[in-house]
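Me: I'm new to this structure and I'd like a close look at one part of it. Could you walk me through the loop that holds a nonpolar surface patch, and then set it in its surroundings?

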Amino acid sequence: GQHQVEFVPSSGEGIVCSESSYHGVVEGMTFTEATITPEFGTCKTTGGTAVTMVSHGCDFRFTIRSEPAAKHSTVHLCPSGGTITISHPNCQIAVGAQLLTGVLYTKVQYRGTESLTVDFTISNVKLTYHNGICIFLGTNHTGELKGSMILKAWEDGKAGDEFGGANIKAT
């Protein structure tokens, strides 16, 4: 509930998933790279159409540049292969491996610990349309990933305490 990430295909309405979660492990409390795995909850277009988003072995690998709050950093979508499949009543959209720029990190206090807000302003996300009426628009498209999420950390074995946690920093 503390983040809102919207996936916006170049042709069509944006897609927002509520109750999504992202999990990953980093070494140390100060890091320059983090890999997280998405689990998408209930998804809808901005017009209210129900869609399904499923990650098939797709992670997000964030690489943090120096001055993370002032310079856009990169994210590798599906760096190990895998895909994200978006099933819409009119077609299916696949998002595969790609390196993108447009991520900023801001240090925040969140529920008692130093955490990070990750702001997305990523354009040129490569999409492939499959099946259904959408393919009449062509199969290769681009889109955007925009919005923000909060990254919060816990020490090994202590995850789940909503108001506990460990301080983290992006460097």
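**A strand to start from**

Reply: Let's begin a little way off, with threonine 45, which sits in strand E6, residues 42-45. Its relative accessible area is 7%, so threonine 45 counts as buried. Leaving out residues up to four places away in sequence, threonine 45 touches Glu13, Gly14, Ile15, Val51 and His88.

Before going further, keep in mind that this is a predicted model. The mean pLDDT of the protein is 82, with 84% of its residues at 70 or more. Among the elements, strand E7 (residues 50-56) has the highest mean pLDDT, 95, while strand E15 (residues 169-170) has the lowest, 64. As for the overall make-up, the protein has 15 strands and 0 helices.

Now to the part you asked about. Isoleucine 135 belongs to the loop that runs between strand E13 (113-130) and strand E14 (140-151). Is isoleucine 135 buried, exposed or partly exposed? Its relative accessibility is 37%, and because buried means under 20% and exposed means over 50%, isoleucine 135 counts as partly exposed. Together with Ile133 and Phe136, Ile135 makes up a nonpolar patch on the surface, and the accessible area of these residues adds up to about 350 Å².

Asparagine 131 is in the loop between E13 and E14 too. Look at its backbone: asparagine 131 has a positive phi of about 55°, although it isn't a glycine. That's worth a glance because most residues other than glycine have a negative phi. Cysteine 78 is another case, with a positive phi near 55° in a residue other than glycine. You'll find cysteine 78 in the loop between strand E9 (73-77) and strand E10 (83-88). Cysteine 78 has 0% relative accessibility, so it counts as buried.

What does cysteine 91 touch, once residues up to four places away in sequence are set aside? The list is Ile86, Tyr129, His130, Asn131, Gly132 and Cys134, so asparagine 131 turns up again here. Cysteine 91 lies in strand E11, residues 91-95, and it's buried because its relative accessible area is 7%. Cysteine 91 and glycine 132 are 41 residues apart along the chain, yet their C-alpha atoms are separated by 4.5 Å. On the scale of the whole protein, take the contacts between residues at least 6 apart in sequence: 57% of them join residues at least 24 apart.

From the loop, step back into strand E13 and you reach the inside of the protein. The largest nonpolar core has 38 residues, and Phe62, Phe120 and Val125 have the most contacts inside it. Which element gives the most to this core? That's E13, with 7 residues. Phenylalanine 120 is in contact with quite a list once neighbours within four places in sequence are left aside: Val5, Phe62, Gly102, Val103, Leu145, Lys146, Gly147, Ser148 and Met149. Notice that Phe62, another of the residues with the most contacts inside the core, is among those that phenylalanine 120 contacts.

To finish, here's the wider setting. Of the protein's 171 residues, 38% count as buried. The accessible surface comes to about 8900 Å², and 50% of that belongs to carbon and sulfur atoms. Back at the loop, the thing to find on that surface is the nonpolar patch of Ile133, Ile135 and Phe136.

Note on methods: Residues are numbered from 1 along each chain as its sequence is written. This is a predicted model: local features need pLDDT of at least 70, side-chain atom pairs count only at pLDDT 80 or more; totals for chains, interfaces and linings use all residues. Side-chain values use heavy atoms; hydrogens and water are left out. pLDDT is the predictor's confidence in each residue, from 0 to 100. Helices (H or I, at least four residues) and strands (E, at least two) are DSSP runs, numbered from the N terminus. Patches are made of residues with over 30% relative accessible area and no salt bridge: like charges are joined within 9 Å, nonpolar side chains (Val, Leu, Ile, Met, Phe, Trp, Tyr) within 5 Å. Accessible areas come from the Shrake-Rupley method with a 1.4 Å probe; for residues, only the protein chains shown count as cover. A salt bridge is a side-chain nitrogen of Lys or Arg within 4 Å of a carboxyl oxygen of Asp or Glu. Buried means under 20% relative accessible area, exposed over 50%, partly exposed in between (1.4 Å probe, protein chains only). A nonpolar core is a set of buried Ala, Val, Leu, Ile, Met, Phe, Trp, Tyr and Cys residues joined through side-chain atoms within 4.5 Å. Contact means heavy atoms within 4.5 Å.
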